[in-house]
Amino acid sequence: MPHEVDQSFLALPLRPLADAALARARSLGAAHADFRLERVRSASWNLRDARPAGTSDTTDLGYAVRVVHGGAWGFASGVDLTPDAAAKVASQAVAMAQLSARVVRAAGAGPGGPVELAEEPVHAEKTWVSSYEVDPFSVPDEEKAALLAAWSARLLAARGVDHVDASLLTVHENKFYADTAGTVTTQQRVRLHPSFTAVSVDDSSGEFDSMRTLAPPVGRGWEYLTGTGWDWDEELARLPELLAEKMRAPSVDPGLYDLVVDPSNLWLTIHESIGHATELDRALGYEAAYAGTSFATFDQLGKLRYGSELMNVTGDRTAEHGLATVGYDDEGVEAQSWDLVKDGTLVGYQLDRRIARLTGFERSNGCAFADSPEHVPVQRMANVSLRPDPAGMSTEDLIGGVERGIYVVGDRSWSIDMQRYNFQFTGQRFHRIENGRLVGQLRDVAYQATTTDFWGSMAAVGGPQTYVLGGAFNCGKAQPGQVAAVSHGCPSALFRGVNILNTTQEAGR
């Protein structure tokens with residue numbers, strides 16, 4: 001059954017606070033004002049060798065008022081849940097806009113001129129709740145800790161496993177939004193990320209290595225750990241054997257290899273080389289301080305050959321169980337799905353309302369988000385996903401078409417330049433492919449390329465049966481820094497002639 005928004009959140013004085021803030025902003029001459037009240041509860045459990053190693057449980061409750069006044073932004077936030085306090089926060093936001101406008105006038109015209117927002121239909125009295133069955137916060141903490149401990153003990157009992165780290169992150173997010181155009185939305189999202197890492201130590205040599213579960217973070221509830229969405233029994237059963245094989249594996253010989261990249265690894269390559277590169281504020285140079293900008297500049301829209309003709313990538317704020325899935329963004333824009341790369345060509349960007357208006361788009365595609373009530377919304381990533389081939393092959397068949405190559409599974413470390421162009425990625429494990437068969441693991445592997453060369457080398461895309469929605473809780477952007485959760489779906493895919501580095505040799509240089 002679909003969930004309803006928590007009554008404890010609805011019992012807060014949402015409308016009185018919004019009405020007071022928006023009325024004050026209007027009376028002070030704001031051309032636009034929006035009010036956002038959030039309650040975000042985050043909890044974590046960490047275990048080391050099946051014993052508790054730390055827990056946390058915090059709730060962030062507050063509200064923010066953002067205005068456009070005199071062609072400039074203003075923003076302020078508060079925690080006092082009274083109409084008088086909300087009106088005062090709105091006054092502070094207007095005062096901030098007035099100060100910003102004076103600074104801009106003194107320095108000359110600001111980038112893009114006065115702040116204007118792309119039009120958006122009014123969404124009055126809308127409610128949206130993410131797709132989940134059991135709110136993890138309804139499950140007793142003792143039950144969560146007991147499950148983590150039991151699964152940790154199961155791994156520790158296996159030969160060759162010397163240590164196990166286990167963690168569980170859970171978030172329950174409520175958000176109320178209202179603006180002077182008449183949009184009013186109320187939303188509720190649940191997400192969680194369980195993770196287990198097994199560590200093996202060779203006492204004779206002192207060498208050690210680790211392997212982490214592949215289960216991605218998801219916009220699901222507690223059911224994710226009890227049978228819906230992931231086969232935990234199978235993964236936990238296989239992990240010790242795979243780790244033992246990895247410990248015995250030879251180091252890779254560097255050179256050119258064909259790669260079959262599993263979704264558990266490819267999602268991160270998508271995130272770094274496509275997701276960030278197609279944020280239009282980066283492409284315009286507005287986001288340059290925090291790992292900006294982008295090689296996919298705005299003048300290349302409709303022209304840039306991003307990859308092979310098999311490459312079709314969407315931005316999507318509607319994907320079920322996606323970490324960046326919402327009903328409405330933090331500017332009151334309804335969630336959408338759209339093309340970013342079509343048949344290998346750059347055809348779209350991720351937008352908020354200000355950037356959309358500035359660059360001539362009729363409408364934002366709903367990519368404004370703030371990670372707390374104390375922060376201003378910034379342009380953030382949607383669920384950016386590589387589409388499968390409807391008639392595509394299985395992962396096994398992709399491997400079967402490779403004479404000499406490597407099958408890459410799981411994400412680990414990565415590096416990419418500010419323009420999202422030159423990169424290097426490692427993984428959890430690497431299986432050697434000879435004559436279409438897996439013949440054992442390799443160690444010390446990293447694949448290196450430029451974004452367009454890598455995606456241009458994509459020779460086959462797996463079918464829907466290989467598609468997995470991966471992702472992360474901790475995508476960073478902006479200053480002061482903000483963190484957002486985002487998913488990336490993809491199938492397995494085959495890449496020809498990719499440069500493979502030996503990480504131990506590279507480290508020794």
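Which strands each supply at least two residues of the lining of the largest cavity? Select strand 5 (163-179), strand 6 (184-201) and strand 12 (368-369), for these are the strands in question. Helices (H or I, at least four residues) and strands (E, at least two) are DSSP runs numbered from the N terminus.

The model is predicted: local features need pLDDT of at least 70, side-chain atom pairs count only at pLDDT 80 or more, and totals for chains, interfaces and linings use all residues. Residues are numbered from 1 along each chain as its sequence is written, and side-chain values use heavy atoms, with hydrogens and water left out.

**Stop 1: the cavity**

Remain at these strands and display Glu173, Lys175, Gln187, Arg189 and Val326, which lie nearest the centre of the largest cavity among its 13 lining residues. A search of the whole structure finds 1 cavity of 30 Å³ or more, and the volume of the largest cavity is about 70 Å³. On a 1 Å grid over the protein atoms alone, a cavity is a set of points where a 1.4 Å probe fits but cannot get out, whereas a pocket is an open set with protein on both sides within 12 Å along at least five of seven lines; lining residues have an atom within 4 Å of a point. Grid points are joined across faces, edges and corners, and a volume is the space filled by probe spheres set on the points. The cavity lining comprises 6 charged, 4 nonpolar and 3 polar residues. Here Ala, Val, Leu, Ile, Met, Phe, Trp, Tyr, Cys and Pro count as nonpolar, Asp, Glu, Lys and Arg as charged, and the others, Gly among them, as polar.

**Stop 2: the second largest pocket**

Next, select Trp73, Val115, Tyr286, Arg354 and Val376, the residues nearest the centre of the second largest pocket, which has 36 lining residues. Two or more lining residues come from each of strand 3 (72-78), helix 3 (83-107), helix 8 (353-358) and strand 13 (378-379). Helix 3 gives the most, with 5 residues. The volume of this pocket is about 1,100 Å³, and its lining divides into 17 nonpolar, 10 polar and 9 charged residues.

**Stop 3: loops with particular backbone geometry**

Select His321 in the loop between strand 9 (313-316) and strand 10 (337-342). His321 is not a glycine, yet its phi is positive, at about 70 degrees. His321 counts as buried because its relative accessibility is 16%; buried means under 20% relative accessible area, exposed over 50%, and partly exposed in between (1.4 Å probe, protein chains only).

Move to Asp444, in the loop between strand 17 (437-442) and strand 18 (445-450). Asp444 also has a positive phi, of about 65 degrees, although it is not a glycine. With a relative accessible area of 25%, Asp444 is partly exposed.

Then select Pro480, in the loop between strand 20 (468-477) and strand 21 (482-490). The peptide bond from Gln479 to Pro480 is cis, with omega near -5 degrees.

**Stop 4: contacts across the sequence**

Select Trp414 in strand 15 (residues 404-416) together with Leu268. The C-alpha atoms of Trp414 and Leu268 are separated by 8.5 Å, although the two residues are 146 apart along the chain. Trp414 is partly exposed, at 41% relative accessibility.

Finally, select His3, in the segment before helix 1 (7-10). His3 is partly exposed, at 28% relative accessibility. The C-alpha atoms of His3 and Asp135 are separated by 9.3 Å, with their positions 132 residues apart along the chain.
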